[in-house]
Amino acid sequence: MSHPTKIIAVNSVAGSGKTSTADAVIRTYAPKQGFYTAFNKAIVTDSAKRFGKLIEAKTIHSLAYKHVRPTRPIEEFNYLTIKEDISYDDKNTIITILDDFFRSSSTDITEYIKSKCSNPDLQELIEEYANKMLDNKISPTFNYMLKCLHLMLYYKQLQLDFDLFVLDECQDTTAVTLEIFKLINADVKIMLGDTYQNIYSFMNTVNAFEELDDVKLLRLTKSFRCNPNIAEIVETYGRKHLDNDFLYYGNPKVESGPSIAYITRTNAMLIERMFNLIQQNQSFTLTRSVQEIFGLPLALLNASQGREVFDKKFKYLEKEYIRYQLVKSRYTNYYDYIVQITEDTLLENIIRMLQDFNTKRINIYKLKENVTNLRPNPNVILTTAHAFKGLEADTVYIENDLNSSVNRAIISMNEIAKITGGNPRDYLTKDRKEDLNTYYVALSRARTSLVNYNYL
């Protein structure tokens, strides 16, 4: 706590008692005005129950909302918000660049937009929509709130003072949150996380362990979650593909139990596992809502048949069907069209599943109904690795899409190693790094047994 930089970084392996460590620090320090936050709302909610009145535990968005005080309700900025008659690609550019700016460490929107977009007309539109939020002409987004808080602190229009500020899950935070963390005044700042559980690159997160240099770095290397056998598997994987110095010790007191988690990389594989278990008359529990999991597949299926898309997040698929009708002679079908114009891997995986279901005459609407009406079995868990982060099961079954993704990343590393003299991981794309990290997350969910793990 006396480190001169006032920032202490705790790099803790999965299951090593990071939250218990935070709890001990908070109780020992007993802040009069402390603040705890994390990237994941569920973690903040759980921590708030644990810490009670010891420290204020809220999301960074809540802190921003408190000081920015918007007059309009928070809403998603999507294709329907943009009224100009422009293409899907142009609307996507506006949405993506504006949200990327809100998440970024940049304080100059004009320069940021110019660095990301060469089209003057789109540059103007992007800045125009940012100003509309500023002028309360359209509803702000949650990330807009963060950028406002960032700029208020940066230009000293606001000063926030704490005696203790804790940033949890700091390996997965946005650049703007990290700037807010740096700009807030606190006697002591603590950031906790696991550098190899950085798995939200698709949400433009940054790894604070890699971004901040002048910190006091401490390590937690013993997992209280798993037995030594699982720890050996995780450590072997970690040393081979994450870090030569990776350490992961197990807990010999961990005993076996009845729970099993089927962990996937994608929703498509998750839905396939649901179908297989239902065919076997087995019940299960999901870590996310049925609507969230089936939302995109059903939207795609409805849109491909010219039917209404009810989920507003995917309303653009319905509009794209209308555009597809004008150019359909150039494409095999609507699916081919949507994949080519979006180049979205997630859509490709869902489409592949829908086509496979169609071949096998599996009714996805009926499957969703069956899953919705299922009586949950808490000992059988179906989840993606991202949705199971922070959780555990006695037995973990690694689904094939996870094995495939990690092996693609390993092949890339092996190819890079042939032509470079340094650490091949340093040259990997963000997506491939995330594949390696996601596999580590999946392996480290197991307490006593791992099934179907298969990496090169």
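Below, a biologist asks and a modeller answers about a predicted model.

Biologist: In what order do the five strands of the open sheet stand?

Modeller: Strands of a sheet pair through backbone hydrogen bonds, either parallel or antiparallel. Here the pairing is parallel. The order of the five strands is E10-E11-E9-E12-E13.

Biologist: Which strands stand at the edges of that sheet?

Modeller: An edge strand here has a single partner strand, so one side of it is left without a neighbour in the sheet. That applies to two strands, residues 285–286 and residues 446–451. They are E10 and E13.

Biologist: Over how many bridges do E10 and E11 pair?

Modeller: The two strands pair in the parallel sense. Leucine 286 stands opposite leucine 382 in E11. The number of bridges between E10 and E11 is two.

Biologist: Which residue of E11 stands opposite threonine 264?

Modeller: Start with the strands. E9 covers residues 260–264, and E11 covers residues 380–384. They pair in the parallel sense over five bridges. Opposite threonine 264 stands threonine 384.

Biologist: Which residue in E12 is the bridge partner of tyrosine 262?

Modeller: E9 also pairs with E12, residues 393–398, in the parallel sense over four bridges. Isoleucine 260 stands opposite threonine 395 in E12. The partner of tyrosine 262 is tyrosine 397.

Biologist: Is E9 largely enclosed or largely open?

Modeller: Count its buried residues. Four of the five residues of E9 are buried. Strand E9 is therefore, with respect to the rest of the structure, largely enclosed.

Biologist: How many of the six residues of E12 are buried?

Modeller: E12 is largely enclosed by the rest of the structure. That follows because its buried residues, out of six, number five.

Biologist: Which residue in E13 is the bridge partner of valine 396?

Modeller: E12 and E13 run parallel. Four bridges join them. In E13, the partner of valine 396 is leucine 450.

Biologist: Which residues does isoleucine 233 contact, leaving aside its neighbours within four places in sequence?

Modeller: Isoleucine 233 sits in helix H10, residues 228–241. One of its contacts is Leu450, and leucine 450 is in E13. The full list is Leu450, Tyr453 and Tyr455.

Biologist: Is isoleucine 233 buried or exposed?

Modeller: Its relative accessible area is 19%. Buried means under 20%. Isoleucine 233 therefore counts as buried.

Biologist: At what angle does helix H11 run to E11?

Modeller: H11 spans residues 267–279. This helix lies across E9, E10, E11 and E12. Its angle to E11 is about 160°.

Biologist: Are H12 and H13 roughly parallel or roughly antiparallel to each other?

Modeller: H12 covers residues 290–304 and H13 covers residues 315–327. Their axes lie 9 Å apart, at an angle of about 25°. Angles under 35 degrees count as roughly parallel. H12 and H13 are therefore roughly parallel.

Biologist: Which residues of H13 make the contact with H12?

Modeller: From H12 come Leu296, Ala299, Leu300, Ala303 and Ser304. By class, the contact has six nonpolar, one polar and one charged residues. From H13 come Leu317, Glu318 and Tyr321.

Biologist: Are H1 and H2 parallel or oblique to each other?

Modeller: The axes of H1 and H2, the latter residues 41–51, come within 11 Å. They cross at roughly 45°, and the crossing is right-handed. H1 and H2 are therefore oblique.

Biologist: Which residues in H2 meet H1?

Modeller: H1 brings Thr19, Ser20, Ala22, Asp23, Ile26 and Arg27. The contact residues divide into three nonpolar, three polar and three charged. From H2, they are Ser47, Arg50 and Phe51.

Biologist: What is the phi of alanine 30?

Modeller: Alanine 30 is in the loop between H1, residues 18–29, and strand E2, residues 34–38. Alanine 30 is partly exposed, with a relative accessible area of 49%. Its phi is positive although it is not a glycine, at about 45°.

Biologist: Is glutamate 169 buried or exposed?

Modeller: Glutamate 169 is in the loop between strand E4, residues 161–168, and strand E5, residues 173–174. Its phi is near 50°, a positive value in a residue other than glycine. Its relative accessibility is 10%, so glutamate 169 counts as buried.

Notes
Residues are numbered from 1 along each chain as its sequence is written. This is a predicted model: local features need pLDDT of at least 70, side-chain atom pairs count only at pLDDT 80 or more; totals for chains, interfaces and linings use all residues. Side-chain values use heavy atoms; hydrogens and water are left out. Axes are lines fitted to C-alpha atoms, for helices over the stretch in contact, and angles run from 0 to 180 degrees between N-to-C directions. Angles under 35 degrees count as roughly parallel, over 145 as roughly antiparallel, 65 to 115 as roughly perpendicular and the rest as oblique. Contact means heavy atoms within 4.5 Å. Ala, Val, Leu, Ile, Met, Phe, Trp, Tyr, Cys and Pro count as nonpolar, Asp, Glu, Lys and Arg as charged, and the others, Gly among them, as polar. Buried means under 20% relative accessible area, exposed over 50%, partly exposed in between (1.4 Å probe, protein chains only). Two strands pair if DSSP finds at least two bridges between them. A crossing is left-handed if the near helix is turned anticlockwise from the far one by less than a right angle, and right-handed if clockwise.
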